[in-house]
Amino acid sequence: MSREYDRDWDPDLYKKIDKYNSVKNLEQCLQCGKCTGNCPVAAITPSYNPRAIINDILAGSTARILDSDEIWRCMKCGTCYRGCPVDISFTSLILELRFAALESGHGQKYVVPANKFVFRSMEYGINFVPGKRGMERVMKLRSDMGVEPFPKVTPEAIEQFKAIFEQTQTLRYMEKLKTDTEKPLRLSYAEGRIVNE
Amino acid sequence: MNKTKVLTPQERIGKKPDKLFLFRSCTGSIGYPGTESAVREVLIKLGIDVITDPDQTCCSGAVAGYSGYPPEASLAVTARNFAMVEKKYDADTYCFCNGCFVHISHYMHDLQTDPDKMANANAIINQWGYDYKARNNFYHVQELYYLLLDEIRALVVRPLNGLRVGCHYGCAYLLKKYGIVDDHELPTFHEQIITALGGVPVFYKERRSCCGSGAGRGFTHKESVVHPHLVRKLDSAKEEGVQLMTTVCPGCNMALDAEQPVLAAQGYGPYDIPVIDLAQLIGLAIGVDPKILGFTANTVSLQGVLEQVGLGKGA
Ligand code: SF4
Ligand code: SF4
């Protein structure tokens, strides 16, 4: 069991986490637990508890949230939001939490694999483009169906797509995320208690 | 905010469009290219003029939804794609991927309600002669199938002969919760479409649950989240004798179809439940050439399904 220190608590945590103002009403949470009761991830991973995550954010525990493995389990299915009596968008909260975690140096390994595809999409204007062998398969499939071998995107559109990622500093943001600079995750919930990983 | 939960498709869309812009999806054109062709062929058979344009790029929402990068790029990409549609075609847009739907709806809403975000996005796209004004509407094609249910029923030439179909709604459309064409907890509009095609809709227990791969978990949490979740889902479909599963999202389609042999190798199942897009099934029933529907992309073979609708070997 890891010890918690005063420095692990921050009364303004929620305001800092909702940086893009996409949740807005977290303080209305009734702690009713419907989100957790309906959550498919909680059903297979009892340590995962959306209600407890909200409670800890409102209480201001940075260590329990940003350094924790739990926030990376959510598959953003939105079942929590759909059942919530006060329409709290927990999926938006998870997005904000992950940005905040990345900013504090945690969890890069959970986004870097998908970002590889984004770097690739700069050449194609579309995402999830496969490697060489996968590409041959796709081209054969599409040709057999009688459509162009690969979905066409104009060179201008590709250039503009890339320019948007450059001009919004997004490419630079992604380049900075490296798994080898990642801080280890410290905490995980287990049966309502905090334990070391 | 409009707090109406369920709208009729007539209230949501209005009358049948003469033309529409079809927003292509990455996975629906690469991993399961039959999805894009099926949607297109079905809409053409319904007498709608379908526009696509190679100036459209990826919606860029998927990886932003994985928290891979902050939202600014996606706001500008959304503004660019839809400014292009406004300028060239002035048509409403329909997408066929739940992922595109949720991300684009979200960014459109942000652009339309936050003047700063709109100004920032337009400042970027102005350099290419675009200016997004949010003049047109945006829908998912599943809403249109529901609006045109009677027309689809009348077009059926290859009835499904009692095929037991389990619908997978996916998450992203219904999680809008308000202003959608069916109840988000207990939707039945896909099942109504299956019945119209001559199939038997199966209400399996985990019908409403996720494919498990959302938010990048398919990349990073296969063993801890995706597989145990899929086992629950596919077990419940198998128990009810589902012969075919339909999706309205190429991402879901990939998770539900391609993971089946992996689960079988771990000792689960075997399930052998083919998974296709709802448009592919509608296309099959209304007589689209099966070659165009691209079933060869599927991991789990559709042979049994094709035989049941009267298409023998080699189809
Ligand atoms: S369902 Fe909503 S109100 Fe209830 S605990 Fe979860 S977030 Fe809070
Ligand atoms: S969105 Fe995340 S927290 Fe909410 S129900 Fe789905 S997996 Fe659980």
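Biologist: Which helices of chain A each supply at least two residues of the shell around ligand 2?

Modeller: A ligand shell may be read by asking which elements contribute to it. In this predicted model, the shell around ligand 2 draws at least two residues from each of helix H3 (40-44), helix H6 (79-83) and helix H7 (90-103) of chain A.

Biologist: Which residues come nearest to ligand 2?

Modeller: The residues around ligand 2 number 14, and A:Cys39, A:Tyr48, A:Cys74, A:Cys77 and A:Cys80 come nearest. By residue class, the shell around ligand 2 holds 10 nonpolar, 3 polar and 1 charged. Cysteine is counted as nonpolar here, so the cysteines among the nearest residues fall into that class.

Biologist: How many residues surround ligand 1, and which are the closest?

Modeller: Ligand 1 is surrounded by 13 residues, with A:Cys29, A:Cys32, A:Gly33, A:Cys35 and A:Cys84 the closest. Two or more residues of that shell come from helix H2 (34-38) and likewise from helix H4 (50-59) of chain A. The shell around ligand 1 divides into 9 nonpolar, 2 polar and 2 charged residues.

Biologist: What is the space taken by ligand 1?

Modeller: Cavities are read from the protein atoms alone. On that basis, the largest cavity is the space taken by ligand 1.

Biologist: How should the fold of chain A be read, and what pattern does chain A follow along the sequence?

Modeller: One begins with the elements and then turns to their order. Chain A has 11 helices and 2 strands, and its pattern along the sequence is α-α-α-α-α-α-α-α-α-α-α-β-β. The C-alpha trace of chain A spans about 60 × 35 × 30 Å along its principal axes.

Biologist: What domains does the assignment give for chain A, and what does it give for chain B?

Modeller: Chain A is assigned domain 1 (6-106) and domain 2 (111-179), with 31 Å between their centres, taken over C-alpha atoms. For chain B the assignment gives domain 1 (9-141) and domain 2 (151-308), and their centres, again taken over C-alpha atoms, are separated by 24 Å.

Biologist: How many residues of each domain of chain B take part in the contact between them?

Modeller: A domain contact may be described by its residues and by its buried area. Domain 1 of chain B gives 27 residues and domain 2 of chain B gives 35 residues to the contact. Between them, these domains bury about 2500 Å², with 72% of it on carbon and sulfur atoms.

Biologist: What area is buried between chain B and chain A?

Modeller: The same reading applies to an interface between chains. Chain B and chain A bury about 5200 Å² between them, and carbon and sulfur atoms give 64% of that area. In chain B, the residues that lose the most area to chain A are B:Ile30, B:Ser67 and B:Leu175, together 12% of what that side buries. In terms of contacts, 64 residues of chain B meet 61 residues of chain A.

Biologist: Where in chain B does B:Pro270 lie, and what kind of peptide bond joins B:Gly269 and B:Pro270?

Modeller: Backbone angles are read residue by residue. B:Pro270 is in the loop between helix H14 (260-265) and strand E8 (275-277) of chain B. The bond joining B:Gly269 and B:Pro270 is a cis peptide bond, with omega about -5 degrees.

Biologist: What is the sign of phi at A:Gln169, positive or negative?

Modeller: Phi of A:Gln169 is positive, near 65 degrees, in a residue other than glycine. A:Gln169 belongs to the loop between helix H10 (155-167) and helix H11 (170-176) of chain A.

Definitions and conventions: Residues are numbered from 1 along each chain as its sequence is written. Chains are lettered from A and ligands numbered from 1 in the order in which they are written. This is a predicted model: local features need pLDDT of at least 70, side-chain atom pairs count only at pLDDT 80 or more; totals for chains, interfaces and linings use all residues. Side-chain values use heavy atoms; hydrogens and water are left out. Domain bounds come from an automatic or database domain assignment. A residue is near a molecule or strand if one of its heavy atoms lies within 4 Å of it. On a 1 Å grid over the protein atoms alone, a cavity is a set of points where a 1.4 Å probe fits but cannot get out, and a pocket is an open set with protein on both sides within 12 Å along at least five of seven lines; lining residues have an atom within 4 Å of a point. A molecule sits in a cavity or pocket if more than half of its atoms lie within 2 Å of its grid points. Helices (H or I, at least four residues) and strands (E, at least two) are DSSP runs, numbered from the N terminus. Contact means heavy atoms within 4.5 Å. Buried area is the accessible area (1.4 Å probe) that two parts lose on being put together, summed over both.
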